[in-house]
Structure formats: structure tokens, C-alpha cells
Amino acid sequence: FNYKYYSCLDSKLSSTQPEQHYLCSLKAKKEKGQIVFYGSEEYSVLEDQPYILHKLSKTAGIDGVIFFTFDQFCYSENLNLELLYDILKKKKSLHFSREDISIYEKNDLDDYLPCLIAYHNSYKSRNKLSKEILSII
């Protein structure tokens, strides 16, 4: 294994942590690396994701971050693009195991941006519609 990854699990999903660990480790292997550190944002701050950048700064030798899902960037009203770009500025790659997406540099993120924004908007609309349906039943 050449690369070392920080894995950020999604504490909002009903998917179990062992399942998330497993899928993130498969993504790490696909990217010729291994998970050397696991973490997740606290449930109370999922919308802002305030800790991941700090954790990356304090953990030496990390080549990139593997998030369990891009959904982790959809929990707030706005897509947390600043965090994505900040991670890349730190020369860390970004990966999303469930979607099988890898982003290595700013140009890659720029290329993916229309799809990521569309995904975020769809996620928000889907959740709003679900709440409306549940309120009717």
C-alpha cells in the first residue's frame, strides 16, 4: 500500500459503522492505499463539519480523505464547497466510497462540480418532499 487515508464515517445514516468501515477500506484499496485513521463528525454538528479540517492538520502522513458518502456534504442548506476546496489546498485527495468518486486536485473538483451541485439540490428536494408526504399521512 502506498497511500494513507483518513476515513470519515457518516453518523447520520442508518448504515452501521462496520459496513461503512468495510466500504471505505475497499475504496482505499482501490486507490492503492489503506485506512490509517477513522473518525466522524459529531451528530450535533453534521451540517457544518467543523472538525475534519482540524483533524487532518493534526494527523501527520495522511494522503487523502475517504468519506463514506457525498451525502455528508448535503446535510446543511448549502453545499460545503469551501471544505472540499480547503482539503484539496492541503494537498489531500478526496474520495467518496459509496459513489466511487475520487478527486485529486482542484481541476477535478471543478469538473465534478455541476454533478455535485445537482446531487445536493436533488438531495434537498427529495428530503423536503418526503417531509411533506409524511405530514399528509
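Student: What makes F96 count as buried in this predicted model?

Tutor: Its relative accessibility: F96 comes out at 0%. Buried means under 20%, so F96 qualifies as buried.

Student: And why is F67 called buried?

Tutor: Same style of check. F67 has a relative accessible area of 1%, and the cut-off is under 20%, so buried is the right word for F67.

Student: Why is the pair of F67 and F96 called stacked?

Tutor: Start with the centres: they lie 5.6 Å apart, and rings pair if their centres lie within 6.5 Å. Then take the planes, which sit at 20°. Under 30 degrees counts as stacked, so the F67 and F96 pair is stacked.

Student: What does the pair of F67 and F96 tie together?

Tutor: F67 belongs to strand β3 (residues 64-67) and F96 to strand β4 (residues 93-96), so the pair links parts 29 residues apart in sequence. Ring pairs also join F67 and F96 with F70, F73 and Y119 in a cluster.

Student: How many aromatic pairs are there by this rule?

Tutor: Nine aromatic pairs. One of them is Y6 with F37, at 5.1 Å centre to centre and 25° between the planes. With 25° set against the limit of under 30 degrees, that pair is stacked too.

Student: Where do Y6 and F37 lie?

Tutor: Y6 is in strand β1 (residues 3-9) and F37 in strand β2 (residues 33-40), so this pair ties together parts 31 residues apart in sequence.

Student: Why is F37 called partly exposed?

Tutor: F37 has 34% relative accessibility. Partly exposed falls between the 20% and 50% cut-offs, so the label fits F37. Y6, at 1%, counts as buried.

How values were computed: Residues numbered from 1 in each chain as written. Predicted model: local features only at pLDDT ≥ 70, side-chain atom pairs only at ≥ 80, totals over all residues. Heavy atoms only, no water. Phe/Tyr/Trp six-rings, centres within 6.5 Å; stacked < 30°, edge-to-face > 60°. Helix = DSSP H or I, 4+ residues; strand = E, 2+ residues; numbered from the N terminus. Buried < 20%, exposed > 50% of the residue type's maximum accessible area, 1.4 Å probe, protein only.
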